[in-house]
Amino acid sequence: MTDAQQVSRDQLRAFIERIERLEEEKKTIADDIKDVYGEAKAMGFDTKILKQVISIRKMDGDERMEQEAILDTYLQALGMVPAAEDEA
């Protein structure tokens, strides 16, 4: 095997090992998040709503306003909320 092949093999092994470590860390973090949701649920919080709040907090203001407007439009179209009155 040439030196170049050895270096490539060593680099590949290093990448694979780094990815494996990161995947394990990701699993550990996911387990920690699950535990926090469990604690919140035990305290009486609705975990589905907590997840929605977290999702909303990740959005920038414009994106959030756009999604809220679309949701309101759909709910109004389905008769689930009263239509907003036009301000004249």
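What pattern does the protein chain follow when read along the sequence? The answer is α-α-α, with three helices and zero strands in the chain. Helices here are DSSP runs of H or I with at least four residues, strands are runs of E with at least two, and the numbering starts from the N terminus. This is a predicted model, so to speak of local features a pLDDT of at least 70 is needed, side-chain atom pairs count only at pLDDT 80 or more, and totals for chains, interfaces and linings use all residues. Residues are numbered from 1 along each chain as its sequence is written, and side-chain values use heavy atoms, with hydrogens and water left out.

On overall dimensions, the radius of gyration of the protein chain is 24 Å, whereas a compact globule of 88 residues would come out near 12 Å. That radius is taken over C-alpha atoms, and the globule rule is 2.2 Å times the number of residues to the power 0.38. Along the principal axes, the C-alpha atoms fill a box of roughly 80 × 35 × 20 Å. Two pairs of residues give a feel for distances within the chain. Leu-78 and Arg-18 are 60 residues apart along the chain, and their C-alpha atoms are separated by 50 Å. Tyr-37 and Lys-48 are 11 residues apart, with 9.5 Å between their C-alpha atoms.

Not much of the chain is tucked away: buried residues make up 5% of the 88. Buried means under 20% relative accessible area, exposed means over 50%, and partly exposed covers what lies in between (1.4 Å probe, protein chains only). Tyr-37, which lies in helix H1, counts as buried because its relative accessible area is 17%. The accessible surface of the whole chain comes to about 8300 Å², and 57% of that belongs to carbon and sulfur atoms. These areas come from the Shrake-Rupley method with a 1.4 Å probe, and for residues only the protein chains shown count as cover.

As for charge, the chain carries 13 positive and 21 negative charges, and the mean positions of the two sets are 9 Å apart. Lys and Arg count as positive and Asp and Glu as negative, while His and the chain ends are not counted. Each charge is placed at NZ of Lys, CZ of Arg, CG of Asp or CD of Glu.

Some of these charges pair up. A salt bridge is called when a side-chain nitrogen of Lys or Arg is within 4 Å of a carboxyl oxygen of Asp or Glu, and by this rule the count comes to three. One of them links Asp-10 to Arg-13, with the closest N and O atoms 3.9 Å apart. The two residues are three apart in helix H1 (residues 3-42), so about one helical turn separates them. Asp-10 is partly exposed at 37% relative accessibility, and Arg-13 is likewise partly exposed, at 43%.

Further along H1, Glu-23 and Lys-26 form a salt bridge with a closest N and O distance of 3.3 Å. Again the partners are three residues apart in the helix, so the separation is about one turn. Lys-26 counts as exposed because its relative accessible area is 52%, whereas Glu-23, at 42%, is partly exposed. Lys-27 and Asp-31 make another bridge, with the closest N and O atoms 3.1 Å apart. Both sit in helix H1, four residues apart, about one turn of the helix. Lys-27 is partly exposed at 46%, and so is Asp-31, at 35%.

That leaves the surface patches. A patch is made of residues with over 30% relative accessible area and no salt bridge; like charges are joined within 9 Å, and nonpolar side chains (Val, Leu, Ile, Met, Phe, Trp, Tyr) within 5 Å. Asp-60, Asp-62, Glu-63 and Glu-66 form a negative patch. Glu-63 belongs to helix H3 (residues 61-77) and is partly exposed, with a relative accessible area of 37%.

A nonpolar surface patch is made by Leu-78, Met-80 and Val-81, which together have about 310 Å² of accessible area. Leu-78 is found in the segment after H3, and its 65% relative accessible area makes it exposed. Met-80 is also placed in the segment after H3 and counts as exposed, at 57%.
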